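Let's take a walk through this protein together, starting with one idea about burial and then moving from strand to strand. Have the picture at hand as you read.

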Amino acid sequence: MIPPIASNFVAGETPEAALAHVEGLNDRGVAGILNLLGEHYEERPPADADADAYVDLVEAIAERDVDACVSVKSSQIGLDIGDDVFEENLARIVEAANAPSATGSAETGADGTGTFVWIDMEDHETTDVTLDAFERHAVETDGNVGVCVQANLKRTREDLERLAALPGKVRLVKGAYDEPAEISYKRKARVDESYRDCLAYMFEAFDDGVAVGSHDPAMIEYAKELYADHGTPYEVQMLTGVRESAQFELAAEDDVKVYQYIPYGSKWFSYFYRRIRERKSNALFALRAIVGK
């Protein structure tokens, strides 16, 4: 059983619980991004098992007819074992997500696509292989995949120039990993500056597919200003249990779609504990989120 402090941030231990959580969000205008918890497997069986679970999940999303997509970590489906394992399992998930069984009809879903697949970004050692995989599947699926990039990495602004030419979506986050100083910005003010710079470039250079992954009211307000200037379609993504009232308020607006990132699964303890340990600021952030959501 998930204790109350952790259940603020995790939707449950089963896909059924996670999908029920999505249905409640959908009733209030918020879509879901489902993430089965698990990462950094050193043996292939658990990586294959989680890939199988994602294959089942994309079909369950269609069967339940919920407004949701999935998000996968590269180390969860085999990257620590080998690039080939990661690529094979990701291909299986993307293929299943675009199969007729995942579209809700014999041919296509309501919007002509299958279930959307996000590829999460982990630490800087995974960046190149993750972006390569995204590029390949973005082209093959005509944009039915997305990838996350992190504003605290110095390389990200240049990476965005490569990604702007591709179909698919790009989620911009500030970055939660404690990266080496030579490749990342360490001061909060400098990370914020990078985030704003990257976000401005995305609204200027991308045709669509801008995802604002932030709980920072200033960044969300800046995205609204950029949308007013450029008209580029965008969405806002926030975590389960963090500023949920703000999520529902944003979802009531006509010009932005809101997604909630929804972790679930039996590995909830390691997820919650790791989030608290990553940085001291995360512990304070978690407490503030519980008090102020």
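Before we start, one term: a residue counts as buried if its relative accessible area is under 20%, as exposed if that area is over 50%, and as partly exposed in between. Keep in mind, too, that this is a predicted model.

Now look at strand E4, residues 145–150. How many of its six residues are buried? Six of the six are, so that E4 is mostly covered. Side chains in a regular strand alternate between the two faces of the sheet. In E4, Val145, Val147 and Val149 point one way, while Gly146, Cys148 and Gln150 point the other way, and all are buried.

What does E4 belong to? The eight strands form a closed barrel, running E1-E2-E3-E4-E5-E6-E7-E8 with parallel pairing. From one strand to the next, the twist averages 25°. Zooming out a little further, the protein chain has 11 helices along with its eight strands. Of its 293 residues, 54% are buried. Take the contacts between residues at least 6 apart in sequence: 70% of them join residues at least 24 apart.

Back to E4 and its neighbours. Strands of a sheet pair through backbone hydrogen bonds, either parallel or antiparallel. On one side we have E3 (residues 117–119), which runs parallel to E4 and is joined to it by three bridges. Valine 117 has valine 145 as its bridge partner in E4, and tryptophan 118 has glycine 146. Then there is E5, also parallel to E4, with five bridges between the two. One of the partnerships here is that of valine 149 with leucine 172 in E5.

How does the chain get from one of these strands to the next? E3, H5 and E4 make up a right-handed β-α-β unit. Another right-handed β-α-β unit is made by E4, helix H6 (residues 156–163) and E5. Helix H5, residues 127–140, packs on the sheet, where it touches E3, E4 and strand E5 (169–173). The direction of H5 makes about 155° with that of E4.

Let's move to where the barrel closes. Leucine 36 is found in strand E1. Is leucine 36 buried or exposed? Its relative accessible area is 12%, so it counts as buried. Leaving aside residues up to four places away in sequence, leucine 36 touches Asp50, Ala53, Tyr54, Gln76, Tyr264 and Gly265. There's a long-range link to spot here as well: leucine 36 and tryptophan 268 are 232 residues apart along the chain, yet their C-alpha atoms are separated by 9.4 Å.

If you follow the chain on from E1, you come to the loop between E1 and H3, which is the place of histidine 40. Histidine 40 has a positive phi of about 55°, although it is not a glycine. With 39% relative accessibility, histidine 40 counts as partly exposed.

A similar spot turns up in the loop between E7 and H9, where arginine 243 lies. Its phi is near 50°, a positive value in a residue other than glycine. Arginine 243 counts as partly exposed because its relative accessibility is 28%. Right next door is helix H9 (residues 244–251), which is mostly covered, with six of its eight residues buried. Those buried residues are Glu244, Ala246, Gln247, Phe248, Leu250 and Ala251. What do they pack against? Their partners are helix H2 (15–26), helix H8 (217–230), strand E7 (234–239) and E8.

Finally, have a look at the rings. A search of the whole structure turns up three aromatic pairs, and ring pairs link Phe203, Tyr227 and Tyr234 into a cluster. Charged side chains meet rings too. Lysine 169 lies over the face of phenylalanine 116, at 4.9 Å from the ring centre. The charged end of arginine 190 sits over the ring of tyrosine 185, 4.0 Å from its centre.

Terms used:
Residues are numbered from 1 along each chain as its sequence is written. This is a predicted model: local features need pLDDT of at least 70, side-chain atom pairs count only at pLDDT 80 or more; totals for chains, interfaces and linings use all residues. Side-chain values use heavy atoms; hydrogens and water are left out. Two strands pair if DSSP finds at least two bridges between them. Helices (H or I, at least four residues) and strands (E, at least two) are DSSP runs, numbered from the N terminus. Axes are lines fitted to C-alpha atoms, for helices over the stretch in contact, and angles run from 0 to 180 degrees between N-to-C directions. Contact means heavy atoms within 4.5 Å. Rings of Phe, Tyr and Trp (its six-membered ring) pair if their centres lie within 6.5 Å; planes under 30 degrees apart count as stacked, over 60 as edge-to-face and the rest as tilted. A charge sits over a ring if NZ of Lys or CZ of Arg is within 6 Å of the ring centre and within 35 degrees of the ring normal. Buried means under 20% relative accessible area, exposed over 50%, partly exposed in between (1.4 Å probe, protein chains only). A crossover is right-handed if, with the strands pointing away from the viewer, the path from the first strand over the helix to the second runs clockwise.
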